[in-house]
Amino acid sequence: MIQPSSLTRRGIKICGLTEEAGFDACVEHQADWVGFVFFDRSPRNVAPQRAQTLSLRHAGGPERVGLFVHPENDDIARVLDYVSLDVLQVYASPARVSEIQQCFGLPVWLSYAVTRRSDLPEAEMLFADRLLIEPKPPAQSDRPGGNAVMLDWSVLTGWTPDFEWMLAGGLTPHNVAQAIGQTGAPAVDVSSGVEVSPGQKSPEAIKAFIRNARYDAFSV
Ligand SMILES: O=C(O)c1ccccc1NCC(=O)[C@H](O)[C@H](O)COP(=O)(O)O
């Protein structure tokens, strides 16, 4: 029998927490990261005070990731006044990523939209602490992520960058193992795929997603 210690443990982020039940499920099932969305056009938008209330339910547990869309430094500072964040995830230009890193001294992850293989970033483009590789949003969407749209995973087949990255977009408990098998993603991110309605997470789906994503299917 293969011992868990011999397996590669995949990183798992559950994004867009707004409610106690979802947050508690992430803690119970040992997600690595939970995401709070600070973007007022998102159904998962939370006020900083609300994120603080959720975050303080448990000491320790998943790292807290704050998600911002083209933020000014003041936007981030206002959130940090209330809730302690471990990571800042941004939709922003490369120049802004560096500025935010310097200003806050926190790891900054960059959401990076990909459609074709030629869109994939080169190592020398790596200025962020991690890239979230996700599909471009549908034309009619008013938000850049959290759209339940799947990337064409074949675009990532054989891509083995030597920097930290994570796969996002349209993942669910049912397709995440296949997505990992096809892309080799070392970490995965989900929002819509573990919800019963936009913004309302399903504790059962969070449990199933983490179970199906944690280790390679052939290893367990
Ligand atoms: O989730 C949102 O509503 C959102 C709004 C604005 C910018 C980003 C947003 N989510 C980003 C994420 O990290 C999602 O987890 C990622 O895009 C995957 O989303 P989904 O396809 O819904 O799993």
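**Stop 1: α5 against α6**

Select helices α5 and α6: they make a right-handed crossing. Remember as you look that this model is predicted. Helix α5 covers residues 176–183, and its axis comes within 8 Å of the axis of α6. The two axes cross at roughly 30°. Angles under 35 degrees count as roughly parallel, and α5 and α6 are therefore roughly parallel to each other.

Now show side chains. Which residues of α5 meet α6? Pick V176, A177 and I180 on the α5 side. Across from them, pick F209, N212 and A213 in α6. Colour this contact by class: 5 residues are nonpolar, 1 is polar and none is charged.

**Stop 2: α1 against α6**

Keep α6, residues 203–214, on screen and add helix α1, residues 20–28. The axes of α1 and α6 come within 9 Å and cross at roughly 25°. That angle makes α1 roughly parallel to α6. The crossing of α1 with α6 is right-handed.

On α1, select A21, G22, A25 and C26. On α6, select P203, I206 and K207. Together they make the contact. How many charged residues does the contact of α1 with α6 have? There is 1 charged residue, beside 5 nonpolar and 1 polar.

**Stop 3: the barrel**

Hide the helices and show strands. You are looking at a closed barrel of 8 strands. Trace the order β1-β2-β3-β4-β5-β6-β7-β8; the pairing is parallel. On average, neighbouring strands of this sheet are turned by 25° against each other, direction ignored. Turn on hydrogen bonds if your viewer draws them. Strands of a sheet pair through backbone hydrogen bonds, either parallel or antiparallel.

**Stop 4: β3 to β4**

Select β3, residues 63–69, and β4, residues 87–91. These strands run parallel and are joined by 5 bridges. Find L67: it stands opposite Q89 in β4. Then bring back helix α3, residues 73–80. The chain leaves β3, passes through α3 and reaches β4 in a right-handed β-α-β crossover.

**Stop 5: β4 to β5**

Stay on β4 and add β5, residues 108–113. β4 and β5 pair in the parallel sense over 3 bridges. Zoom in on L88, which stands opposite V108 in β5. What lies between β4 and β5 in their β-α-β unit? Show helix α4, residues 94–104. The unit of β4, α4 and β5 is right-handed.

**Stop 6: β7 and β8**

Finish with β7, residues 165–168, and β8, residues 187–190. They pair in the parallel sense over 2 bridges. Select L167 and look across to V188 in β8, which stands opposite. For a last view, restore the barrel of 8 strands, then add α5 and α6 with their right-handed crossing.

Note on methods: Residues numbered from 1 in each chain as written. Predicted model: local features only at pLDDT ≥ 70, side-chain atom pairs only at ≥ 80, totals over all residues. Axes fitted to C-alpha atoms, helices over the stretch in contact; angles between N-to-C directions. Helix = DSSP H or I, 4+ residues; strand = E, 2+ residues; numbered from the N terminus. Parallel < 35°, antiparallel > 145°, perpendicular 65-115°, else oblique. Left-handed = near helix turned anticlockwise from the far one by under 90°. Contact = placed C-beta atoms within 7 Å. Nonpolar A, V, L, I, M, F, W, Y, C, P; charged D, E, K, R; others polar. Pairing = 2+ DSSP bridges. Right-handed = clockwise from strand over helix to strand, strands pointing away.
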